[in-house]
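This report looks at how one helix is packed against its surroundings.

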Amino acid sequence: MAEHKGIVTFKGQPVTLVGDEVKVGDAAPDFTVFKGLNDAVRLSDVKGSVVVLSVAPSVDTRVCAAQLRAFNKEATALGPDVKVWFVTLDLPFALGRFIGAEGIQNVTTLSDYKDREFGEKYGVYMKELGLLARSTFVVNREGKVVFREIVPEMTHEPDYDGAMKAVRAAL
């Protein structure tokens, strides 16, 4: 498995990203994540939609929670042709608890907990921390990556405006 250093830090300390590097223009790799413990979801399940993959280390942190709330707010105006997925390594129970408490209705929360398939296929698994790196990918209707941001410092929020601009251009 490929390893990439010097791309991200966590509280100023460099971490290693494991997996394949996905770039703008690449075909988005298909992957399986989980809505529940055994409720598998695949990117190919929403083929023909524009998909925002909002990726975070853990919903139980301030920045990750803010990221989920922000994309939930943005998703209200996007319409049914856009799917917003929030992907972490949190267990589905934790994600369910959070969305229930916060009233998250426009984002599907998904867990990569079983095999880290998403993290490795998109090159955002942080080896030292065992978490996913904060990042955003936008996939157009044809299945191509049209926006990619891996946030350089994990304690910072992603570029919401850049992601939404890519979504609007993909519609």
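In which sense, left-handed or right-handed, does H1 pass H4? In this predicted model, the crossing of H1 past H4 is right-handed. On the H1 side the contact is formed by Ala66, Gln67, Ala70, Phe71 and Glu74, and on the H4 side by Tyr160, Ala163 and Met164. Sorted by class, the residues of this contact comprise six nonpolar, one polar and one charged.

H1 also passes H2 in a right-handed crossing, where Ala65, Leu68 and Arg69 of H1 meet Phe98, Ile99 and Glu102 of H2. The residues of the contact of H1 with H2 are four nonpolar and two charged, with no polar residue.

The geometry of the two pairs is set out below.

| Helix pair | Angle | Axis separation |
|---|---|---|
| H1 (residues 62–75) and H4 (residues 160–170) | about 35° | 11 Å apart |
| H1 and H2 | roughly 60° | within 12 Å |

Because the axes of H1 and H2 cross at roughly 60°, H1 is oblique to H2.

As for H1 itself, its 14 residues should span 20 Å at 1.5 Å a residue, and its end C-alpha atoms are 20 Å apart, so the expected and modelled spans agree. Its buried residues are Val63, Cys64, Ala65, Gln67, Leu68, Phe71, Asn72 and Ala75. The cover over these buried residues includes the strands S5 (50–55), S6 (82–88), S7 (108–111) and S10 (135–139), together with the helices H2 (92–102) and H4.

Technical notes: Residues numbered from 1 in each chain as written. Predicted model: local features only at pLDDT ≥ 70, side-chain atom pairs only at ≥ 80, totals over all residues. Heavy atoms only, no water. Axes fitted to C-alpha atoms, helices over the stretch in contact; angles between N-to-C directions. Helix = DSSP H or I, 4+ residues; strand = E, 2+ residues; numbered from the N terminus. Left-handed = near helix turned anticlockwise from the far one by under 90°. Contact = heavy atoms within 4.5 Å. Nonpolar A, V, L, I, M, F, W, Y, C, P; charged D, E, K, R; others polar. Expected span 1.5 Å × (residues − 1). Buried < 20%, exposed > 50% of the residue type's maximum accessible area, 1.4 Å probe, protein only. Parallel < 35°, antiparallel > 145°, perpendicular 65-115°, else oblique.
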